[in-house]
Structures are given as structure tokens and as C-alpha cells.
Amino acid sequence: MSRIQDFEAFLLPADLPRWHVVRQGRASIMLPGSTAGAGRTFELYRPQRTLARVTAGLLRGAIATGLYRSLFRRVNGIPGAMGAGRVRWDFGYDPETVGILLGSPDHRVRRAIASYRGAGEWEVSKLGHGEAARLMLRREAAVLRELAAGGFPAPLCLGLHEQGEMTILRMPSVAGGGDSEVGFSEALGMLDHWVGDETPRSIVDFAEWESIRAALESTSDGRAALESLKGFLLRPSVSHGDFAPWNLLRSSCGKVMAIDWEWGRMDGMPGLDLVHYLTQEARLIHRLESRMALRAIEARLRSPEVALYLDHTGWGAHGMAAVLACAAYKEGAKHQKNSGFLNACIRKYFELQINFKRYNGVVMNLADAVPSAPHFLGATSPSDFGPSGGKKRIRISVVTASFRQIDHLRGCAASIQDQAGDFEVEHLIHDGGSGPEFEAWASRQEGALCVSERDEGMYDAINRGFRKSSGDLVAWLNCDEQYLPGALARVACYFEAHPDTDILFGDVILVDEAMQPLAYRRAVMPSLGHIRHSHLSTFSAATFVRRRVLDDGHYLQTRWKTIADAVWIEELLEAGYSAATLSEPLAIFGMLGSNLGQSTLLFRERRVWEAELGATGVWWKKWHILWYRMARLKAGAYLPRQARVAAYPLGQPQRRSQSRWVSGQWSFAKSDAEELRLWRDGAIEGFAKRPQRRRWTFLHAACFLTAAFFVDRLAEGDAVKGPFILLLSLFFLSFWTRLGDLIKIAVIYFVAAGYLLSERPPDVLVVRLGTFTLGAVLAVFWAASLRNIEDWMRGTVALIRRIPGPMILCDRFGKIILVNHSACFGLGRDEEGLIGRELCALQVGSDGRESPAEPVRDWVERPPVGLLKLALACELDEPLASAKVLVVGRGRYRFYAFTLVGWEVEDSKG
């Protein structure tokens, strides 16, 4: 039963037409002629990777409009190899709504899923052929009935039907949950709910143990791991067996349930579903090889919510033991065949044991790593050696140099204090004398040692912090930088697993003031030649060194004001210290426009240093830059990726998560930072706060290109409509897309128009292509003019926002359209809370008497003269401030600018 036609023969009449979706030369989806049935069928296909999701979205649109009948292959009639049309089932359904999704060809049992309108509602059925499939569906039906009796969220079994070698398990359709996906926290909550309250029992008493034993007993390392696992006591749990993101659905009422229970058990081994979920996510969605997948799984197991679940189930701090058990179970039960991943789990399992015993003074090799008890096995991070382990295994000292950056310092300190794990963090803040505001904040800090004294600059302050530190690892974090969640746990785990490493470089995500991701900077091992001739491409925010580096006298050279970090790393590498990279995001770096590393002083100091080193050869410089860029290309540093950031925005007490597709280029990040800053500060009512995302621009262009070629094909050679559609699209894009993107699209359209006109006579081709070119040039010039006007307007608005004097701007109807930073600070209110509110004003006479409040919209052309008191129309009893008014423009474009008086603005926070 490897063909979709074989399943069709059991459900469809012989003469019913249907449409096949072919993937990799194999029909994998059958869609019916009914649009509703085709839509329901395609909902069974749940892609996880981004490209597959985009493709699926386009196909859903084609199905909703009925275009799928033109895109996919139509099949008339069903081959009669299995007696099509002779099978009759004892349940009612509409054959014209039947759609089928074929199972994976890698599965031992050939299966399919069908969707159709049943006697009363839409149903989903699992189809299986042969005795193995029959036993599997019988077992799943029994599990579904037990789950329903126990009140667990699972599909309802409507019936199990058998005829010949075909078996059908019917369930109601749970599609219709909208676009809300089931997150990991919800999935983990479901797993925790499944854990019973029974007394823990030995792991060898679980049914899964036989499969684990079968997979591990064939090698000496596996037998040693098998013996170590026998000591665990676990609570029985409902076990799904194939718990993965694509097997979790949200119904139309918002209820989350798991589907595909063919491997399910009511009293299964806990933790296996969790590990299987993380493994599928790492290996199938993110396509990570075994070593990187294990590293990603370790990082997830270190989170506090997962640690609570592991403790509840009986695994405790031994996360890697659960990973090993899951990999062995899947291999032994022949659910998956991947001995390479299982061997990687065994090696990682013993590596953690070796590191633990090395820490306790016992240096050993892999052959000696036969554990006697599970109290230290499978630790995945410093936090895994919890309170029972006694003292913390490692101490990390982080130094922060501060000077009048208290707003940024709050987020920096919070990102260090919330790092969780069984390691000590020592945060030393050295302030250069910021004044009372810093001292007041420092007096309330319990997780940091704050010192305020004069110094000779940032690097001198960092050196002073280094000398006061006592950690096994040392690092520094600037005020405008933050550690990402779990960063220090990953660093501590890496240094313990690699005792010979002295310096560690990690990945960094560049962000702007609003913590919007701008670029993902992959850490690539720096070379001496590149540092000396170009720059240091790693970031201090994600650089960690061992204590022995400082004990050997290697401190920052304070004669440099901007390049001391590059000089320091060059000195350490020259001295022979061992360095490594960790391909995980550890910190964020703020692109604020005022960083020392972005100043002209940097280039002056580099020229001096290069002259001292003799690194002035132009060709050597080009060679080292080319070599290093090739290394970055090989490491995938230039590939676009989705950067996820959880950071503390200015003034916010909690981390806020944001994600964005970004590149790895510094220049792109700098340009994006400047543009986003201009769009935010230049936003006013009528203008979007953020620029249009580029991917929507190119998606629009792709759709219109497709439409042009499609129309040209329908017109049978009349190549006029296609270029007209492209020109229409170009004029539409000129109103809102970026000029650079518009030029690229215009060139693509020109080539496409030339191709569409190629069938016309030469004179017609020249005339019409010339007309298209003229229209495209006009669209580009129009866009350039429009962008210049918009940039000028945004620059003007941004200037008003940053004016030191407090100001409020409203339109002729009295609605507030702008409140600059000084006014927000003085009023103690956010601009978002004032925008769109209606203003009223009352005039204050020279004798101090106040006139009745009058709405600004009633002023017409002549506003009152003199001092006014402003208030919101809905808050007349609470005046905002005293102000003077200035009228700008007339008629429809009349605006009122209020300059607020009555207080002194010491710090506009702008």
C-alpha cells in the first residue's frame, strides 16, 4: 500500500475525478472536486519549516479560489487493481468530499489519513492496510477510549471498521483552530497534566524498558549506560509515543489536544514524550546534526519550567538520562532507526559523568566511566547539580563600566541577576561618578557590588573590576548590552566540558533602542592577521576568559580608548591561550549610534596601532580580509536567520520577546538601526510607525509576476496584458516600497516584459517595451520624490520630538498628534496615552482669573492670546500644564503648537 491510488480504491467510486499533489515524483495528497473538501484535506498537511509554510499558504489560497483544479494533475477513474467501487462500508460519507494524505514512505506500516463529510459532521479517518496496521489501529482505538473515559483531551473514537485487509479508524475533525499555534509551554503543561499521582516505581517495570534494553545491550558502552539507568524511580504517566509539534492541534473553541495515538499508553514512562518533542524540533524542523541537536536539547532542558517537570516525573536533575532513554526506546522499538543519534547520546552521557568526576578530583577516561549510582548522571548544565550537590561548581564574574547610563544599566543588571543555574554570579559595577541617581539605584541593589569613583575611562574601570573579581571565569558587559536567558548556564557548561579552553567567543544579536533584532553575528574564530589588519569581529558582550588569564597579568591597555578589546584579544592569542567558539546566542549588543566602536576615534587609533605592529601592507590587508570572510561564509555567518530576543526594554521590569528575520551583516544592521530610529521618532498620525517589511514587497512582486504570465497564457500570445499588469504593480509599489527595492523589481519586470513581448514583431516589441520602460522610469522618479518628501517630513517630526523645550502639537480639531520627549518627561505620561485625545484650554488673565474651558476645535482661525491652561476634554478637573500657543498653517492644514511653561526640564531623556 505505497500508492495513494490503492487507498482511493477503498473509498471512492471508480469514475469519480480527483486531483493529485505530487511531491518528489510521488502523489502524496489527493484533493476532491469539492472546494470545502479540498480545504479540509489540506488542513491535514501541517508543515513546520518556513519555506514549506509559505508554500502551503499559497496552496491554501489556490484551494480557496478553486485554482487548484488548474494547478494539480487531474485523474479520471481509479485503477481496478483492488476492485474499485465494490467496497461498501457500514458508515455514511459523501465520496465527493473525500481527500487523502498519504503517510511517510519511511514508515514500516503503510498508512494514510482521509478527510470527508460524514453523516452528520466532518470526520477524519486513519487508514491502514495489512495485519500490522490493523493491530496498530486497534491499539490506538483502545487508547482513545481509555483517554475519553479519563477525561484527557484527545480525539473521540467514532468507530473501528475492518474490511478485507483495510482498517479504518474514524474520529471527528478538530480543524478550525485559526492561526494560533500550540507553544512549547502549553505542550509542557499538557505533559505535566498527564503525570499521575501514583507511587514512583522502578524504570525496569515500565513496558518501554524492554525496547531500551534491546537497543543498549549490544555494546559495552550501552550496557554500562543500561546499568546506570536501572536506579531511577519514575511516576507513571500517560505516554503519547509520537509527541511532536505537528501532532498538537487547537480546536475552534481553543482546546488543545494531541492526535496520532498509535504508540500511546496509559501507564507509560514519563519524560520520553518531552525529549521526543525536543528531538523532532531540533532534527526535523531546524535540521541540526546529532551533536548540535543534543546541544539544543540541553539548552531547553535547562529552563526552569522543564526542570520542574523533570523533578515531578522522577528524573530530577538528570536530563541527559531521559534523553538517552528516549533515543534507546525509539531505536529498540523500531519507531525510528538512527543509531548515530543514539551513539551520540551515549557519548554525551558519559562525557558529563567524566566532567563531574574530574570536578571532584577524579580524572578518568571513557572506559572507566561506569557509574555506580544515578545521583550525578545525565547532568546537562551547572544547574543540574542542584542543592544536593553541595557547593556551586563554578563562579562567574561580570564587570560593568558605567557613567551616566542608569536607564540602560537597569536592564543590563537585570539580565545578569535572572541567570538561573547552580553557579555563582558576581556582578561588579564600576561607575565613574554619575551622581545621586546612580547612588540611589545602587543602594537598592542586592545582586551587584556597586562602586562609584573617578577613573581614567571605560577600560580603566573594567580593569579595576577585574582586579576586584574572584570568579573562575571573567567577562565584561557594557551598560547597553544584556545577556540572553540561560547564557551563563551555557557558558559554564561549556567551560566545564572543555577544561583546556581559556577564551570563549559566543554569538551576539544586534538590536536597536526598542530591542528590535537587527542582525545575528555568528562567532567565528578570530585570526591574528585579521585583528591586526582589519578589526576584531567578535564582541566583548559574548567573550569569556578563565581566571588564569588575569593571573598571568593580561589586562586591558588603558592608553587606548576604543580598541583596547581588540588589542587585548590579539595579545592573548599571541600568548598562546586556547580559544573556542560557541555557536549559540549569548548576548545582545545595542546599536544606539553612540557606541565608541562606531566613532571616528576608532579609525584614528587603529591607524596608530597598525603602524606600531607594521601591519600597513595593503595587499596583506586584503588577503586577511578575504580569508576571514571565507571563514565566515563557511560558518554560515552571512545566511539570513530568525533572531529571537528576550530582553529588558528601557524602563521595563520584565523581558520582552521579539523575533525578526535578519542577516549577519554589520552594515545592514547599522542602516536598519538608523532607519528604524527615524521611523519611530518621525512617526506622526497618518504615517506608519515602522517601514513596510521587505518580504511583503517581494511577495507582492512575485504574485504579480505569476499573474502576468498566467494572463499571457490565457490570452494565447496577446502579450499586452502581462506588461500592463507589471506596470500597474510598479506604480502601486512606488507609493510605499523602498527606492532600492523598487529599482530591483523594475529591472526584474523589464526582463519579464521583454520575455512576454518576444513573440510580437520587432517593431511592436520595441514600441511597447519602450513604453513600459518610460512608465517604469516615471514610477521610479515618482517614488524617489515621494521618499524624499517623506524623509524630510519624518526628519522634521523627529527634530520636534528631540527639541529640549516641551511641546504638544494638535490638529485643527484639537486632537493631539505629537508630544515630544521633553513634554512626556515633564507630564510624566507616555505619548501613546495622549495621542488622539482632544484638548481643551482656558485663558488666564493678567489678574490671574481664568475663563471657562473652551475646546480647541472651536477656535476657528484666531486662538486666544496669552497664557493658557491645557486639559484633556475628558479630564477638565486635572489640567495638564500651562502653555502658550502658536498657529501653523491654515484651513484644513492648520495646526496648533503648544509650548509648555511652568517647570524646568533638567533631563529630557531624549
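Two strands count as paired when DSSP finds at least two bridges between them, and with that in mind the tour of this predicted model can begin at a pair of strands.

**First stop: a sheet of eight strands**

Select strand E4, residues 99-102, together with strand E5, residues 111-117, and you will find them paired in the antiparallel sense over four bridges. Within this pairing, leucine 101 has isoleucine 113 of E5 as its bridge partner.

Now widen the selection to the open sheet of eight strands, whose order is E3-E1-E2-E4-E5-E6-E8-E7 and whose pairing is antiparallel. At its edges stand strand E3 (73-75) and strand E7 (159-163), and because each has a single partner strand, one side of each is left without a neighbour in the sheet. If you look along the strands, neighbouring ones are turned by 30 degrees against each other on average, direction ignored.

**Second stop: helices on the sheet**

Add helix H2, residues 35-42, which lies across strand E2 (26-31), E4, E5 and strand E6 (122-129), and runs at about 130 degrees to E2. Then add helix H5, residues 131-150, which packs on the sheet and touches E5, E6, E7 and strand E8 (166-172), with its direction making about 25 degrees with that of E8.

**Third stop: lysine 126 and its partners**

Show the side chain of lysine 126, which forms a salt bridge with aspartate 260, the closest N and O atoms being 3.1 Å apart. Lysine 126 lies in strand E6, whereas aspartate 260 is in the loop between strand E13 (256-258) and strand E14 (265-268), so the pair ties together parts that are 134 residues apart in sequence. Are these two residues buried or exposed? Lysine 126 counts as buried at 6% relative accessibility, and aspartate 260 is buried as well, with a relative accessible area of 17%.

Lysine 126 also forms a salt bridge with glutamate 262, where the closest N and O atoms are 2.8 Å apart. Glutamate 262 lies in the loop between E13 and E14, so this pair ties together parts that are 136 residues apart in sequence. Both lysine 126 and glutamate 262 are buried.

**Fourth stop: a salt bridge at helix H16**

Move on to glutamate 453 and lysine 468, whose side chains meet in a salt bridge of 3.8 Å, N to O. Glutamate 453 sits in the loop between strand E17 (449-452) and helix H16 (458-468), while lysine 468 is in helix H16, 15 residues apart from it. Glutamate 453 counts as partly exposed at 29% relative accessibility, and lysine 468 likewise counts as partly exposed, at 39%. Returning to the earlier stop, you can select Arg111, Lys126, Glu140, Asp260 and Glu262 together, since salt bridges that share partners join these residues into one network.

**Fifth stop: strand E15 and helix H14**

Select strand E15, residues 395-402, where seven of the eight residues are buried, so the strand is largely enclosed by the rest of the structure. Eight bridges join E15 to strand E16, residues 424-431, and the two run parallel; here alanine 401 stands opposite histidine 430 in E16. Aspartate 407 can be picked next, in helix H14 (residues 406-417), and with a relative accessible area of 30% it is partly exposed.

**Last stop: a patch on the surface**

Finally, turn to helix H22, residues 618-634, which holds tryptophan 627, a residue that counts as partly exposed at 43% relative accessibility. Select Trp620, Trp623, Leu626, Trp627, Met630 and Leu633, and you will see the nonpolar surface patch that they form, with about 720 Å² of accessible area together.

Note on methods. Residues are numbered from 1 along each chain as its sequence is written. This is a predicted model: local features need pLDDT of at least 70, side-chain atom pairs count only at pLDDT 80 or more; totals for chains, interfaces and linings use all residues. Side-chain values use heavy atoms; hydrogens and water are left out. Axes are lines fitted to C-alpha atoms, for helices over the stretch in contact, and angles run from 0 to 180 degrees between N-to-C directions. Contact means heavy atoms within 4.5 Å. Patches are made of residues with over 30% relative accessible area and no salt bridge: like charges are joined within 9 Å, nonpolar side chains (Val, Leu, Ile, Met, Phe, Trp, Tyr) within 5 Å. Accessible areas come from the Shrake-Rupley method with a 1.4 Å probe; for residues, only the protein chains shown count as cover. A salt bridge is a side-chain nitrogen of Lys or Arg within 4 Å of a carboxyl oxygen of Asp or Glu. Buried means under 20% relative accessible area, exposed over 50%, partly exposed in between (1.4 Å probe, protein chains only).
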